[in-house]
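Please read the sequence alongside the three-dimensional view below, and keep both at hand while following the paragraphs after it.

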Amino acid sequence: RALCGSGDGALVLWDVRRKNPSSFLRGHRGSITAIAVEWEALRAVSASEDNTLRLWTLRSCECFRTLTGHASPVWSLAVDWQAGYAASGSAGGEILLWNISSMAPPVALMNEGS
């Protein structure tokens, strides 16, 4: 398996043995800029130029949470699956820390212009 992002905002789940896509995950309204996958739990987080992150279950290929808070396109993403946190960085220099295990709002580690 492999999970790739595309310019049209879709994530593509590939069956690498058969060399073809097995599923398309749609929801973003901008290009995918970063992806983190936890294959054991079959879940993923994606970042996009639409200023959001999305959490996905790869079992059903559905988005189960959209994270909003960035004021500009999200360009980077790091996830600590065990701790339940994700950090994302935007084009404007903003870095947000997300608790992906809860619905808590993000914590700004660095704001745009600071």
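In this predicted model, D15 has a relative accessibility of 22%, and it counts as partly exposed because that value falls between the 20% below which a residue is called buried and the 50% above which it is called exposed. The side chain of D15 meets that of R18 in a salt bridge, with 3.9 Å from N to O, and R18 is itself exposed, its relative accessible area being 66%.

A search of the whole structure returns 3 salt bridges. One of them joins the side chains of D8 and R26, again at 3.9 Å from N to O; this pair links distant parts of the chain, since D8 lies in the loop between strand 1 (2-5) and strand 2 (11-15), while R26 lies in the loop between strand 3 (20-25) and strand 4 (32-38), 18 residues apart. Both D8 and R26 are exposed. The side chains of E38 and R43 also meet in a salt bridge, here at 2.5 Å from N to O, and R43, with a relative accessible area of 27%, is partly exposed.

Turning to the later strands, an open sheet of 4 strands runs in the order 8-9-10-11 with antiparallel pairing. Its edges are formed by strand 8 (74-80) and strand 11 (107-110), each of which pairs on one side only, and neighbouring strands of this sheet are turned against each other by 25 degrees on average, direction ignored. Strand 10 (residues 95-99) pairs with strand 11 in the antiparallel sense over 3 bridges, and M110 in strand 11 is the bridge partner of I95. In general, strands of a sheet pair through backbone hydrogen bonds, either parallel or antiparallel.

Conventions:
Residues numbered from 1 in each chain as written. Predicted model: local features only at pLDDT ≥ 70, side-chain atom pairs only at ≥ 80, totals over all residues. Heavy atoms only, no water. Pairing = 2+ DSSP bridges. Helix = DSSP H or I, 4+ residues; strand = E, 2+ residues; numbered from the N terminus. Axes fitted to C-alpha atoms, helices over the stretch in contact; angles between N-to-C directions. Salt bridge = Lys/Arg side-chain N within 4 Å of Asp/Glu carboxyl O. Buried < 20%, exposed > 50% of the residue type's maximum accessible area, 1.4 Å probe, protein only.
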